[in-house]
Amino acid sequence: PDSRLYTWSMNKDGTINSKAKELEDSGEVLGLKSKLKNDVKIQQGSLLAQTDWVVIRKVEAWLADIDNEVPTNIKTWRDAIRVKATEMEKAIDAASNIDDIANLWVTYKEDEEGKTIKSGILHDWPELES
């Protein structure tokens with residue numbers, strides 16, 4: 001079983017016991033949905049941190065009354081990261097069972113014509129264009 005989705009153990013005879021993880025929070029215990037949304041927030045922060053220096057430089061230049069723009073490609077990418085994170089969180093919230101959650105991870109497979117088909121949304125972050 002996929003340990004991202006199930007808790008499992010192996011019996012002495014080699015058979016496996018598995019149980020789907022709880023989707024919703026229960027008291028102090030975070031459910032799978034909350035954990036996944038936290039992962040999205042962490043990834044988003046990590047990606048944005050890569051270009052935070054450009055935004056800080058812009059603010060410092062503004063304070064010193066110097067013109068210094070954030071490059072368009074960086075603005076566009078940072079906006080796309082925020083939009084994608086929101087889409088991921090909405091998709092997580094919309095999942096009603098463990099199979100819905102499993103389908104959120106990006107997967108690739110070939111169709112009958114040999115073309116690669118991508119499905120899922122989790123971890124499919126926009127690339128920063130040069």
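## A first look at the hairpin, helices and core

In the hairpin formed by β3 and β4, five residues lie between the strands, and glycine 114 adopts a positive phi near 85°. Keep in mind as you look around that this is a predicted model. The two strands of the hairpin, β3 (residues 107-110) and β4 (residues 116-119), run antiparallel and are joined by four bridges. One of the pairings to look for is glutamate 110 with its bridge partner in β4, threonine 116.

Now turn to the helices. Helix α1 (residues 32-49) packs with helix α3 (residues 72-94) at an angle of about 175°, and their axes are 10 Å apart. That angle makes α1 roughly antiparallel to α3. Which residues bring α1 and α3 together? From α1 come Lys33, Leu36, Lys37, Val40, Lys41, Gln44, Leu47 and Leu48, and they meet Trp77, Arg78, Ile81, Arg82, Ala85, Met88, Glu89, Ile92 and Asp93 in α3. By character, the residues of this contact are nine nonpolar, seven charged and one polar.

Some of these names return in the core. The largest nonpolar core has 20 residues, and those touching the most other members are Leu32, Leu36, Val40, Ile101, Leu122 and Trp125. Helices α1, α3 and α4 (98-102) are the elements that each give two or more residues to this core. Leucine 32 is a good place to zoom in: beyond its neighbours within four places in sequence, leucine 32 is in contact with Arg4, Leu5, Lys21, Glu22, Leu23, Ile98 and Ile101.

Glycine 114 has company when it comes to positive phi values. Here are two residues other than glycine that share this feature:

| Residue | Phi | Relative accessible area |
|---|---|---|
| Aspartate 65 | near 60° | 73% |
| Histidine 123 | near 70° | 42% |

Where do you find aspartate 65? Aspartate 65 sits in the loop between α2 (52-63) and α3, and it counts as exposed. Histidine 123 belongs to the segment after β4 and is partly exposed.

Aspartate 124 is also in the segment after β4. Is aspartate 124 buried or exposed? With a relative accessible area of 18%, aspartate 124 falls under the 20% cut-off, so it counts as buried. Leaving out residues up to four places away in sequence, aspartate 124 touches Lys84, Met88, Val106 and Lys118. Of these, Met88 also appears in the contact of α3 with α1.

Terms used. Residues numbered from 1 in each chain as written. Predicted model: local features only at pLDDT ≥ 70, side-chain atom pairs only at ≥ 80, totals over all residues. Heavy atoms only, no water. Axes fitted to C-alpha atoms, helices over the stretch in contact; angles between N-to-C directions. Parallel < 35°, antiparallel > 145°, perpendicular 65-115°, else oblique. Contact = heavy atoms within 4.5 Å. Nonpolar A, V, L, I, M, F, W, Y, C, P; charged D, E, K, R; others polar. Core = buried A, V, L, I, M, F, W, Y, C linked by side-chain atoms within 4.5 Å. Buried < 20%, exposed > 50% of the residue type's maximum accessible area, 1.4 Å probe, protein only. Pairing = 2+ DSSP bridges.
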